[in-house]
Amino acid sequence: MSASVSSDSLRQFSRGIAGALLLAAVWELCARGLDLPAYVLPSVSAILAGLANDAGSLLAAARFTAAESFTGYAIGCLAGMAAAVLVTMIPSARSVVIPLATAINSVPVVAYSPLVLLWFGIGMASKIVMVAIAVSFTIFLSTIAGLDRVDRKSVDLIRSFGAGRLAVLWRLRLPTALPLVIAGMRVSTVRSVIVAIVTEMLGAYGGLGWVIYQAVLQVDFVKVWAAIIVASAISLAFFGAISFVERRYVFWR
């Protein structure tokens with residue numbers, strides 16, 4: 001089974017590489033064949049040259065953004081899971097926590113950026129908070145949906161053997177919920193990077209969002225695309241890491 005999973009993963013990776021190369025070829029042909037200006041669509045070769053020329057600054061900015069995204073992501077995952085466990089263990093809290101979480105997330109998370117930047121400054125802390133807010137609700141919903149999937153008969157059976165509420169949670173609810181939890185975590189990887197970059201564009205000392213904003217002001221659209229490609233690489237790597245964990249450890253999904 002392990003060999004089969006590895007073979008499937010290799011095929012998917014090969015198809016992804018082939019698709020990326022095909023897209024790059026079409027992009028290059030369109031940009032050069034139609035003689036498009038750089039502010040509309042620079043060629044892939046120009047973007048790669050820009051990546052090589054600005055590799056140092058882009059890598060430094062990527063480390064900044066990655067640190068914000070990963071830290072906020074971890075905090076958001078823990079907060080979302082903790083809230084879901086709370087409303088599962090204390091049913092009376094559900095009527096308070098779910099409406100509150102829904103009200104907070106009914107507004108686009110970017111709308112909170114001015115307030116968060118005012119409260120936490122334009123350093124990394126504000127970006128971490130924004131990412132945590134964006135991720136926590138997704139993880140909360142996926143975790144609570146997973147915890148609620150448990151069959152009532154299974155709960156009654158394990159309780160008949162003397163299991164308490166914590167034992168039911170640890171031995172039955174969490175294993176049942178884990179496939180949905182990890183799916184929510186996988187979806188949240190890309191969102192965490194996007195939110196970090198957008199918040200950086202509104203105010204930051206560094207990061208890919210700050211690089212993009214400065215490049216737009218300087219009308220350097222090749223650098224804009226170079227930063228976007230680096231951001232996409234971070235998102236893909238993050239998504240791939242969580243997908244690997246899902247395939248490797250959530251084998252009963």
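A residue counts as exposed when its relative accessible area is over 50%, and as buried when that figure is under 20%. Keep those two cut-offs in mind as we walk through this structure, which is a predicted model.

Let's start with Val 219. Its relative accessible area comes to 59%, so Val 219 is exposed. You'll find Val 219 in the loop between helix 9 and helix 10. The backbone has something to show here too: phi of Val 219 is near 55 degrees, which is a positive value in a residue other than glycine.

Now step back to the whole chain. The protein chain has 10 helices and 0 strands, so if you read along the sequence you just get α-α-α-α-α-α-α-α-α-α, with helices counted as DSSP runs of at least four residues. Of its 253 residues, 38% count as buried. And what about contacts along the sequence? Take those between residues at least 6 apart in sequence: 72% of them join residues at least 24 apart.

On to the inside. In soluble globular proteins, nonpolar side chains tend to be buried together. In this model, the largest nonpolar core has 48 residues, and the ones with the most contacts inside it are Leu 58, Tyr 73, Phe 140, Met 185, Leu 208 and Val 230. Several helices chip in with at least two residues each, namely helix 1 (2-33), helix 2 (44-53), helix 3 (55-89), helix 4 (94-105), helix 6 (124-147), helix 8 (165-202), helix 9 (208-217) and helix 10 (221-249). Helix 6 gives the largest share of this core, with 9 residues.

Leu 208 is a handy place to zoom in. Leaving aside residues up to four places away in sequence, Leu 208 touches Leu 58, Ala 61, Ala 62, Thr 65, Ile 197, Glu 200, Ala 227, Val 230, Ala 231 and Ile 234. Two of those partners, Leu 58 and Val 230, also appear among the core residues with the most contacts.

Finally, look at how helix 5 sits against helix 6. The axes of helix 5 (residues 113-120) and helix 6 come within 8 Å and cross at roughly 140 degrees. That angle makes helix 5 oblique to helix 6, and the crossing is right-handed. Which residues in helix 5 and helix 6 meet? From helix 5 come Ser 113, Val 116, Leu 117 and Phe 120, and they meet Ala 125, Ser 126, Lys 127, Val 129 and Met 130 in helix 6. Sorted by class, this contact has 6 nonpolar, 2 polar and 1 charged residues.

Definitions and conventions: Residues are numbered from 1 along each chain as its sequence is written. This is a predicted model: local features need pLDDT of at least 70, side-chain atom pairs count only at pLDDT 80 or more; totals for chains, interfaces and linings use all residues. Side-chain values use heavy atoms; hydrogens and water are left out. A nonpolar core is a set of buried Ala, Val, Leu, Ile, Met, Phe, Trp, Tyr and Cys residues joined through side-chain atoms within 4.5 Å. Buried means under 20% relative accessible area, exposed over 50%, partly exposed in between (1.4 Å probe, protein chains only). Contact means heavy atoms within 4.5 Å. Axes are lines fitted to C-alpha atoms, for helices over the stretch in contact, and angles run from 0 to 180 degrees between N-to-C directions. Angles under 35 degrees count as roughly parallel, over 145 as roughly antiparallel, 65 to 115 as roughly perpendicular and the rest as oblique. A crossing is left-handed if the near helix is turned anticlockwise from the far one by less than a right angle, and right-handed if clockwise. Ala, Val, Leu, Ile, Met, Phe, Trp, Tyr, Cys and Pro count as nonpolar, Asp, Glu, Lys and Arg as charged, and the others, Gly among them, as polar.
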